[in-house]
Amino acid sequence: MFNEEDYIRSKMGNRNPFTVPEGYFEQLTAQVMQKLPAQEMQEQQRLSAQEPKKSAVIRYLRPLLYAAACICLAMFGVTVYQNLDKQTADTLQSNIPQISMEYNDDFIDEAADYAMLDNEDIYASLLADI
């Protein structure tokens, strides 16, 4: 990389090839002002005096509009979520068959006799679960 830079410096030298005509920046402001018509400048000044009132109101209301939009979006999301949750619960309840089980005391007595459990063992196992 340094070889390329040295080669360019040897061919071109250290002088700057870009120049500005003499007095260019001294005359630039006057030339630009001459090109602008006076009436347009007055209209622009009049309009610029009126714009801050409108833009100040807009600048004040813009955050409030954003906040209102966010609140509406959140309420819409919650409503949709609740409706979906309700529909899902209704669908699940309608698809699950209702099973009613009836216990027969004879079956429980037979199971207790088969397991050789007496009342004290049953009470002990119920208390152990607590």
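1. A surface patch, as used here, is made of residues with over 30% relative accessible area and no salt bridge, with like charges joined within 9 Å. Asp and Glu count as negative. In this predicted model, D105, D106, D109, E110 and D113 form a negative patch of this kind.

2. Take E110 from that patch. E110 sits in helix α4, which covers residues 105-114. Is E110 buried or exposed? E110 has a relative accessible area of 55%, so it counts as exposed.

3. The helix around E110 is open too. Of the 10 residues of α4, the number buried is 1, so the helix lies largely in the open. An α-helix has 3.6 residues a turn, so residues three or four places apart point the same way. Just after α4 comes M116, with a positive phi of about 60°.

4. Now the whole fold. How many helices and strands does the protein chain have? The protein chain has 5 helices and 0 strands. Read from the N terminus, the order of elements is α-α-α-α-α.

5. Burial is scarce. The protein chain has 130 residues, and 1% of them count as buried. The exposed area of the protein chain is about 13,400 Å². Carbon and sulfur atoms supply 60% of that area.

6. There is also a nonpolar patch on the surface. Its members are V57, Y60, L61, L64 and L65. Together they have about 530 Å² of accessible area. Y60, one of these residues, belongs to helix α3, residues 38-95. With a relative accessible area of 60%, Y60 is exposed.

7. Next, the cysteines. How many disulfides are there? The count is 0. A disulfide would need a pair of cysteine sulfur atoms within 2.5 Å. For C70, the closest cysteine sulfur is in C72, 9.4 Å away, so the two are too far apart for a bond. The view from C72 matches: its closest cysteine sulfur is in C70, at 9.4 Å, again too far for a bond. C70 is also exposed, with a relative accessible area of 53%.

8. To recap for a new reader: start with the negative patch that includes E110, and place E110 in α4. Then turn to the nonpolar patch that includes Y60, and place Y60 in α3. Finish at C70, whose sulfur is 9.4 Å from that of C72.

Key. Residues are numbered from 1 along each chain as its sequence is written. This is a predicted model: local features need pLDDT of at least 70, side-chain atom pairs count only at pLDDT 80 or more; totals for chains, interfaces and linings use all residues. Side-chain values use heavy atoms; hydrogens and water are left out. Patches are made of residues with over 30% relative accessible area and no salt bridge: like charges are joined within 9 Å, nonpolar side chains (Val, Leu, Ile, Met, Phe, Trp, Tyr) within 5 Å. Accessible areas come from the Shrake-Rupley method with a 1.4 Å probe; for residues, only the protein chains shown count as cover. A salt bridge is a side-chain nitrogen of Lys or Arg within 4 Å of a carboxyl oxygen of Asp or Glu. The place of a charge is taken as NZ of Lys, CZ of Arg, CG of Asp or CD of Glu. Helices (H or I, at least four residues) and strands (E, at least two) are DSSP runs, numbered from the N terminus. Buried means under 20% relative accessible area, exposed over 50%, partly exposed in between (1.4 Å probe, protein chains only).
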